[in-house]
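The following questions and answers introduce a protein model to a reader who has not met it before. Please keep the sequence and the three-dimensional view at hand while reading.

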Amino acid sequence: MSSSPSKILEVFDNPNSERDFVIRIDSSEFTCLCPLTGQPDFADIHIEYIADNFCVELKALKNYFWSYRNEGAFHEAVTNKILDDLVEAMNPRFIRLKAIFNVRGGVYTNIECEHRKDGWKPREVVSL
């Protein structure tokens, strides 16, 4: 597996595809460039998903994030692009992605988007 920027999201077989379970991934090292100024934008990325047949491989995800380092992208567009690419690679039952961008000029941007597979319904919440 490569240790360089890559747009390839590698996946592996879900070891427990018969069960809904939540996978949470957090990354504090996402960087892209402002498409207007060329200045760097930094974000924490939070992913929660329920896999179907495939899970995303973490080093591939890290290299995927790295591939944005020198690309200009609006926060809203890059957050939705990441979600779309994860959906294309894994076809999960459910996925939510939240990007929390660092302050710039006194303005904070948080983008949250999600995808649900057709026909998938969340399990009932159990409160103990």
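The turns below concern a predicted model and take up its sheet, its helices and its pockets.

Q: In what order do the strands of the open sheet of 4 strands lie?
A: The open sheet has 4 strands, and their pairing is antiparallel. Neighbouring strands are turned by 15° against each other on average, direction ignored. Read across the sheet, the order is β2-β3-β5-β6.

Q: Which strands are the edge strands of this sheet?
A: An edge strand here pairs on one side only. In the order β2-β3-β5-β6, the end positions are held by β2 and β6. The edge strands are therefore β2 (22-33) and β6 (107-116), given that two strands pair if at least two bridges lie between them.

Q: How many bridges join β2 to strand β3?
A: Strand β3 covers residues 40-50 and runs antiparallel to β2. Among the bridge partners, Leu33 is matched with Pro40 of β3, and Cys32 is matched with Asp41 of β3. The number of bridges joining β2 to β3 is 10.

Q: Which residue takes a positive phi in the hairpin of β2 and β3?
A: The hairpin of β2 and β3 has 6 residues between the strands. One residue of this hairpin has a phi near 80°. That residue is Gly38.

Q: Which residue is the bridge partner of Ile50 in β5?
A: β3 and β5 run antiparallel and are joined by 8 bridges. His46 stands opposite Lys98 in β5. For Ile50, the partner in β5 is Phe94.

Q: Which residue in the turn between β5 and β6 has a positive phi?
A: β5 and β6 pair in the antiparallel sense over 9 bridges, and Phe101 has Thr109 of β6 as its bridge partner. The two strands form a hairpin with 2 residues between them. In the turn, a positive phi of about 65° belongs to Gly105.

Q: Which strands does helix α1 touch where it packs on the sheet?
A: Helix α1 consists of residues 58-66. Its direction makes about 25° with that of β2. The strands that helix α1 touches are β2 and β3.

Q: At what angle does helix α2 run to β5?
A: Helix α2 is formed by residues 75-90, and β5 by residues 94-104. The helix lies across β2, β3, β5 and β6. Relative to β5, helix α2 runs at about 155°.

Q: At what angle do the axes of α1 and α2 cross?
A: Two packed helices are described by the angle between their axes and the distance between the axes. For α1 and α2, the axes come within 12 Å. Their crossing is right-handed, and its angle is roughly 145°.

Q: Which residues in α2 are met by Leu61, Tyr64 and Phe65 in α1?
A: The contact of α1 with α2 has 5 nonpolar, no polar and 2 charged residues. On the α1 side stand Leu61, Tyr64 and Phe65. On the α2 side they meet Lys81, Ile82, Asp85 and Leu86.

Q: Which element supplies the largest share of the lining of the largest pocket?
A: About 270 Å³ of space lies in the largest pocket. Its lining has 14 residues, with Val22, Ile50, Phe94, Trp120 and Pro122 nearest the centre. By class, the lining holds 7 nonpolar, no polar and 7 charged residues. β2, β3 and β5 each supply at least two lining residues, and the largest share, 3 residues, comes from β3.

Q: From which element does the largest share of the lining of the second largest pocket come?
A: The second largest pocket holds about 190 Å³ of space, and its lining includes Ile25, Glu29, Leu58, Lys62 and Trp66. The lining residues divide into 5 nonpolar, 1 polar and 4 charged. The elements giving two or more residues to this lining are β2 and α1. The largest share, 5 residues, comes from α1.

Notes:
Residues are numbered from 1 along each chain as its sequence is written. This is a predicted model: local features need pLDDT of at least 70, side-chain atom pairs count only at pLDDT 80 or more; totals for chains, interfaces and linings use all residues. Side-chain values use heavy atoms; hydrogens and water are left out. Axes are lines fitted to C-alpha atoms, for helices over the stretch in contact, and angles run from 0 to 180 degrees between N-to-C directions. Contact means heavy atoms within 4.5 Å. On a 1 Å grid over the protein atoms alone, a cavity is a set of points where a 1.4 Å probe fits but cannot get out, and a pocket is an open set with protein on both sides within 12 Å along at least five of seven lines; lining residues have an atom within 4 Å of a point. Grid points are joined across faces, edges and corners, and a volume is the space filled by probe spheres set on the points. Ala, Val, Leu, Ile, Met, Phe, Trp, Tyr, Cys and Pro count as nonpolar, Asp, Glu, Lys and Arg as charged, and the others, Gly among them, as polar. A crossing is left-handed if the near helix is turned anticlockwise from the far one by less than a right angle, and right-handed if clockwise.
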